Amino acid sequence: MYSVGWFSSGRGPGSRALLATMKESIDRGEVPARIAFVFCNREQGQDPQTDLFLEQVRSYGIPLLTLSSRRFREGLDPERRPEWRLHYDREVMRRLEAHPVDLVVLAGYMLIVGPEMCHRYTMVNLHPALPGGPKGTWREVIWQLIQERAERTGAMMHLVTPELDEGPPVTYCGFSLRGEPFERHWDRLEREGLEAIRAAEGEGFELFKLIREHELKREFPLIVRTVKAFAEGRVRVNEGRPADAAGRPIAPYDLSAEIDEIVGPP
């Protein structure tokens, strides 16, 4: 069966909900895969929220591996600390040798993955924009969309490479930022100007909140459907690029229709 590795820092309810969503999709037979392990870069006792995540993993009976990145870094000799992530990744890979997988999903994993780990595993990560769209954090993405008066946005899953958020897109879903419920807020933006609204309301600006809301509710389905596409063989990776079942290079796989069926109309 197709095997998935799950990397998470387990920082809060979102991490627990995403893991639960994936497990439920597998248990229902929607995704023909298994979660071979969960890896967390925090250990028991470091954070109450992470402790809840670790208990969740144990309750599922999924093999759990932990290695505190903070303690690892602090425990290195000072001369080795500048390259601590390289040493950390090597230790993580050593511990994962007994758990081979076909795909690794970064699900709220808050460390940058180094070149050696990127080359060892096929890894995917979420970015809250369409292929070719804005870079940066989700907050930065939304402000760029507003500034550019974008007509469409979405989210994508991309291959993890040493260059942050620069890996080739594998899957994506999109939605329109025009019509209801967005249009009246674009009208207000034109009347009052972005600088004035941002200074007065910041992230409380209704258009900002709406974009985040509509993107966020697509994240979980996109991650699940991406794993499903890999497990079913519709998408694979060949020579570091997305490919079809025959290994032929393909454009990013558009899952918008599937995701729209799940989340419903705006």
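This passage walks through one strand, the cysteines and the empty spaces of a predicted model.

We can start with strand S1, which spans residues 2–8. Seven of its seven residues are buried, so S1 is largely enclosed by the rest of the structure. In a regular strand the side chains alternate between the two faces of the sheet. Here both faces turn out to be covered. On one side sit Tyr2, Val4, Trp6 and Ser8, on the other Ser3, Gly5 and Phe7, and all of them are buried.

S1 also has strand partners. It runs parallel to strand S2 (residues 33–40), and seven bridges join the two. Within that pairing, Ser3 stands opposite Arg34 of S2. The pairing of S1 with strand S4 (residues 103–106) is parallel as well, this time over four bridges. There, Trp6 has Val105 of S4 as its bridge partner. As for the connection between S1 and S2, helix H1 (residues 13–27) completes a β-α-β unit with these two strands, and the unit is right-handed.

Next, the cysteines. A disulfide is a covalent bond between the sulfur atoms of two cysteines. The structure holds zero of them. Cys40 is a case in point: the nearest cysteine sulfur belongs to Cys118 and lies 19 Å away, and Cys40 is in no disulfide. Cys40 is buried, with a relative accessible area of 0%. Cys173 is buried too, and its relative accessible area is likewise 0%.

That leaves the empty space. Rolling a probe the size of a water molecule over the atoms shows where empty space is left. Searching the whole structure for cavities of 30 Å³ or more turns up one. The largest cavity has a volume of about 50 Å³. Its lining consists of Pro128, Trp138, Val141, Ile142, Leu145, Thr153, Gly154, Ile211, Arg212 and Glu215. By residue class, this lining splits into six nonpolar, two polar and two charged. Helix H6 (138–147), strand S6 (152–159) and helix H9 (206–231) each put at least two residues into the cavity wall. Of the cavity lining, the largest share comes from H6, with four residues.

Turning to open spaces, the largest pocket takes in about 1000 Å³. A total of 33 residues line this pocket, and Gly108, Tyr109, Met110, Asn125 and Leu126 are the ones nearest its centre. Helix H1, strand S5 (123–127), S6 and H9 each contribute at least two residues to the lining of the largest pocket. H9 gives the most, with five residues. H9 and S6 thus turn up in the lining of the largest cavity and in that of the largest pocket, while H1 also belongs to the β-α-β unit described above. Sorted by class, the lining of the largest pocket has 18 nonpolar, 10 polar and five charged residues.

The second largest pocket holds about 170 Å³ of space. Cys118, the residue whose sulfur is nearest to that of Cys40, is part of the lining of this pocket. The rest of the wall is made by His119, Tyr121, Thr122, Met123, Leu159, Val160, Thr161, Pro162, Pro168, Val237 and Gly240. Its residues come out as eight nonpolar and four polar, with no charged ones.

Note on methods: Residues are numbered from 1 along each chain as its sequence is written. This is a predicted model: local features need pLDDT of at least 70, side-chain atom pairs count only at pLDDT 80 or more; totals for chains, interfaces and linings use all residues. Side-chain values use heavy atoms; hydrogens and water are left out. On a 1 Å grid over the protein atoms alone, a cavity is a set of points where a 1.4 Å probe fits but cannot get out, and a pocket is an open set with protein on both sides within 12 Å along at least five of seven lines; lining residues have an atom within 4 Å of a point. Grid points are joined across faces, edges and corners, and a volume is the space filled by probe spheres set on the points. Ala, Val, Leu, Ile, Met, Phe, Trp, Tyr, Cys and Pro count as nonpolar, Asp, Glu, Lys and Arg as charged, and the others, Gly among them, as polar. A disulfide is a pair of cysteine sulfur atoms within 2.5 Å. Buried means under 20% relative accessible area, exposed over 50%, partly exposed in between (1.4 Å probe, protein chains only). Two strands pair if DSSP finds at least two bridges between them. A crossover is right-handed if, with the strands pointing away from the viewer, the path from the first strand over the helix to the second runs clockwise.
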